[in-house]
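Student: Please give a close reading of one single part of this model, and then place that part within the rest of the fold. I should like the reasoning behind each assignment to be made explicit.

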Amino acid sequence: MMGELLKTLLRCLYHVVVQVPAQHAIQRMVADGLPAELVPAFRYLAHPNVATGDKRILEPIKSFRAALRNRSDPPLGAVTTPPPQPGDTRHVDPPPPGPLTPVSWEKLANNTCVSHYWGVFLFLCAKHKRAQTVLELGSGVGISACYLTAGNPNAQLITVEGSPGRAAIAAANLRAMNPRPRVVNAMFDSVLDEWLPRLSGTLDIVHIDGQHERVSTLHYFERIKSHLSSGALVIFDDIHWSDDMSRAWDELARSRDVSFAVNTGRYGICFCQPGAPWSRVHDFSRYTTDWRKEKRPRNELL
């Protein structure tokens, strides 16, 4: 308990120290092309205060997390991330995911699911962008999708999860936040084959949070590009999971289809414009709680 209190205090102190330089960094990003609707999300990262109205909206998600911690039934399996592929591997076909491996409910709630800090960032991105269509690859138990849909519960949401048990929990959680969530229990490519041609409109936000490996990540980005709306937001999770994922981020941030990219430490944020002449790349990681860019072992659970 004392350790957690100390961590919380240190985070608060850090945010006090970086608040002014972070605001200057945001101003520089805006001048360089950061869309104005994303400014509240970046301000939150540097100074994590949540408006009273937003707190009420997000309150159910805290209950979902608490319910996970209190479960006593056997834990569900989680898919392990595949090992990095050789550097010259083409990203036409991604490597298969690892096997389902049990993860304790406590670890699932506290470590595997997105934290409240980063969840609020997702919420603010989707809320202020007024996303109408959201695609997520890697539902887990639906916590990140809950944050993405909380600001606009009428948005069309499709989230994909390979574990049947986790997909069922995600569906139950999301029904409390969105009247018509589509939680699909399948492998990513199967869902993309089926759902992308059937989309009503284009994708405004895509959250890629699965198979944290370079070839896979580049493969899924290639698959969704032609279905993105102009100025769509693509969020890549765990871009510093490994050296392999860091290389993937370097390639994505400078893609010809990305007009603006931001490294937040945890997430890689890409604003997409097909055929963009160049990409403006910014590093905001020093102003967030993931400023150390910690890398995880390559076989850690998703």
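Tutor: A residue is called buried when its relative accessible area is under 20%, exposed when that value is over 50%, and partly exposed in between. The model is a predicted one, and the part chosen for the close look is Ser 216 with its surroundings.

Ser 216 has a relative accessible area of 0%, and therefore counts as buried. The residue belongs to helix H9, which runs over residues 214-224. Its side chain is engaged in a polar contact of 3.3 Å with the side chain of Gln 211. This partner lies outside the helix, in the loop that links strand S6 (203-208) to H9. Gln 211 is itself buried, because its relative accessibility is 7%. Its backbone also deserves attention: phi is positive, at about 50°, although the residue is not a glycine.

The start of H9 has a further feature. Glu 213 caps the N-terminal end of the helix, with a side-chain oxygen placed 3.1 Å from the backbone nitrogen of Val 215. Val 215 and Ser 216 are both listed among the buried residues of H9. The helix as a whole is largely enclosed by the rest of the structure, since nine of its 11 residues are buried. The set comprises Arg 214, Val 215, Ser 216, Thr 217, Leu 218, His 219, Tyr 220, Phe 221 and Ile 224.

The combination seen at Gln 211 has a counterpart elsewhere. Asp 238, also not a glycine, has a positive phi of about 55°. This residue is located in the loop between strand S7 (228-236) and helix H10 (243-253). With a relative accessibility of 9%, Asp 238 counts as buried because that value is under 20%.

The wider fold gives these details their setting. The protein has 10 helices and 10 strands, and buried residues account for 53% of its 302 residues. Of the contacts between residues at least 6 apart in sequence, 74% join residues at least 24 apart. The exposed area is about 13700 Å², of which carbon and sulfur atoms supply 53%.

The largest nonpolar core contains 57 residues, and the members touching the most others are Phe 42, Phe 121, Tyr 147, Ile 269 and Phe 284. Helix H5 (residues 116-129) contributes the largest share of this core, with nine residues. Apart from this core lies another, of 30 residues; Ile 224 is among them, as are Val 184, Val 191 and Leu 192. Ile 224 is also one of the buried residues of H9, and in this way the helix of Ser 216 is represented in that other core.

H5 may be set beside H9. In H5, 11 of the 14 residues are buried, so this helix too is largely enclosed by the rest of the structure. The buried residues include Trp 118, Phe 121, Phe 123 and Lys 129. Cys 125 is another, and counts as buried because its relative accessibility is 0%. The length of H5 agrees with expectation, because 14 residues at 1.5 Å a residue should span 20 Å and the end C-alpha atoms are 20 Å apart. H5 is followed by Arg 130, whose phi is positive, near 55°. Beyond its neighbours within four places in sequence, Tyr 147 has contacts that include Gly 119, Val 120, Leu 122 and Phe 123, each of them also listed as buried in H5.

A second side-chain pairing can be read alongside that of Ser 216 and Gln 211. His 282, in strand S10 (residues 280-283), makes a polar contact of 2.8 Å with the side chain of Asp 32. At 18% relative accessibility, His 282 counts as buried because the limit is 20%. Leaving aside neighbours within four places in sequence, its contacts include Arg 28, Met 29, Phe 260 and Val 262.

Asp 32 falls at the end of the range of helix H1 (residues 2-32), which also holds Val 16. Val 16 offers a contrast to Ser 216: at 60% relative accessibility, it counts as exposed, because that value is over 50%. Its C-alpha atom is separated by 7.6 Å from that of His 47, 31 residues apart along the chain.

Technical notes:
Residues numbered from 1 in each chain as written. Predicted model: local features only at pLDDT ≥ 70, side-chain atom pairs only at ≥ 80, totals over all residues. Heavy atoms only, no water. Helix = DSSP H or I, 4+ residues; strand = E, 2+ residues; numbered from the N terminus. Buried < 20%, exposed > 50% of the residue type's maximum accessible area, 1.4 Å probe, protein only. Contact = heavy atoms within 4.5 Å. Areas by Shrake-Rupley, 256 points an atom, 1.4 Å probe, with all protein chains shown as cover. Core = buried A, V, L, I, M, F, W, Y, C linked by side-chain atoms within 4.5 Å. Expected span 1.5 Å × (residues − 1). Polar contact = N/O pair within 3.5 Å; in protein donor to acceptor, adjacent residues only side chain to side chain.
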